[in-house]
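Student: I have a model open on my screen and would like to talk it through with you. Could we start with a sheet and then move on to the empty spaces?

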Amino acid sequence: MDVLKITPRGYCHGVVEAIRAAKQTAKAHPGEKIRMLGYLVHNTHVTDELQANGIELVDSDNRLEGLDRIDSGTVIFTAHGVSPLVKERAAARGLNLVDATCSDVVVTHELVKDLAERGYDVVYIGRRGHPEPEGVVGEAPGQIHLVQDPQDVDALDIDNDKIAVTCQTTLSIWDTASMIKRVKDKYPQTEAYNEICRATQDRQEAAVEAARDCDVVIVVGSQRSSNSRRLVQVVEELAHKPAYLVDTAKDIRPEWFSGKKRVGVTSGASTPTQLTREVIEFLEAL
Ligand code: SF4
């Protein structure tokens, strides 16, 4: 197979910083109870490695519920961020707090908080059940409206001259533009703040561009990873090429390449470089 290595791909600055913070914490507190409140970043292999470093995973889609299982020691907040209520409860419990929230997510928290304080209703485009929206909506629950699909926008009933729309950092650029337009069509006074992070935008644009010259695209990343799944989505929807999400080279099926000459390879922002390298080597040997 002719293998096209799509760049940029792989780790973003937020993931690198979160992993560094978690490993430094483990090193600084040997023998102490250290837990990550959810997956530090959405990659199974990174999580396994952190657990091997003595950081226990408290696996809960709801951060407050997860926190209820931690009564002492150190808790690490993941790169996706947490709501102010989670921070308050953790502090009240006397836990040692390590906040590994990505700086790009922090910017969104500050934005929605500021808008809410200034009397805006904020329409927030995000995926239900993902920890990032849970944290952001928690900044001002009564004033932030989580919408995932066009139907959610149609169902909005906001009576306010001041409306803003913003979004989760790892969504599809194209879907989000269309959702923002839908909100503005419904509420012309809406101010738009596109918060898709640079890393997500660059990886999506590169994947779509490269996919046009490929027969098929492999995205290396975990099912949990929003930005990895969006890479599959944008390749399929924008470049009209088949795309497959694999955790490792073991997930690859040779039949995907029958009659195909060129495969593009990219990876999500939380995928370790080694896994992508193994996938590339596997494909080159096909
Ligand atoms: Fe931060 Fe974007 Fe990376 Fe998420 S994908 S950790 S928001 S830089």
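Student: What is the strand order in the open sheet of four strands?

Tutor: Happy to help, and keep in mind that this is a predicted model. The pairing in this open sheet is parallel. Reading across its four strands, the order is 7-6-8-9.

Student: Which strands stand at the edges, each with a single partner strand?

Tutor: An edge strand has one partner, so one of its sides is left without a neighbour in the sheet. That is the situation of strand 7, residues 144–147, and of strand 9, residues 191–192. The edges are therefore strand 7 and strand 9.

Student: Which residue of strand 9 is the bridge partner of Val 165?

Tutor: Strand 8 covers residues 163–167 and pairs with strand 9 in the parallel sense, over two bridges. For Val 165, the bridge partner in strand 9 is Ala 192.

Student: What angle does helix 8 make with strand 6?

Tutor: Let's take the helices in turn. Helix 5 (residues 103–117) lies across strand 6 (121–125), strand 7 and strand 8, and runs at about 170° to strand 8. Helix 8 (residues 173–186) also packs on the sheet, where it touches strand 6, strand 7, strand 8 and strand 9. Its direction relative to that of strand 6 gives an angle of about 150°.

Student: Is Cys 214 buried or exposed?

Tutor: Buried means a relative accessible area under 20%. Cys 214 has a value of 2%, so it falls below that cut-off. Cys 102, at 12%, is buried as well. For Cys 214, then, the answer is buried.

Student: How many disulfides does a search of the whole structure find?

Tutor: A disulfide needs a pair of cysteine sulfur atoms within 2.5 Å. Searching the whole structure with that in mind, the number found is zero.

Student: Which helix gives the most to the lining of the largest cavity?

Tutor: The largest cavity has a volume of about 280 Å³. It is lined by 23 residues, and the closest to its centre are Cys 12, Val 15, His 80, Thr 170 and Asn 227. Two or more lining residues come from each of helix 1 (13–28), helix 5, helix 9 (198–211) and helix 10 (226–239). With three residues, the one that gives the most is helix 1.

Student: And which helix gives the most to the lining of the largest pocket?

Tutor: This pocket has a volume of about 220 Å³. Its lining has 17 residues, with His 42, Gly 129, His 130, Pro 131 and Arg 224 nearest its centre. The top contributor, giving three residues, is helix 10.

Notes: Residues numbered from 1 in each chain as written. Predicted model: local features only at pLDDT ≥ 70, side-chain atom pairs only at ≥ 80, totals over all residues. Heavy atoms only, no water. Buried < 20%, exposed > 50% of the residue type's maximum accessible area, 1.4 Å probe, protein only. Pairing = 2+ DSSP bridges. Contact = heavy atoms within 4.5 Å. Axes fitted to C-alpha atoms, helices over the stretch in contact; angles between N-to-C directions. 1 Å grid on protein atoms, 1.4 Å probe; cavity = no way out; pocket = protein on both sides within 12 Å on 5 of 7 lines; lining within 4 Å. Points joined across faces, edges and corners; volume = space filled by probe spheres on them.
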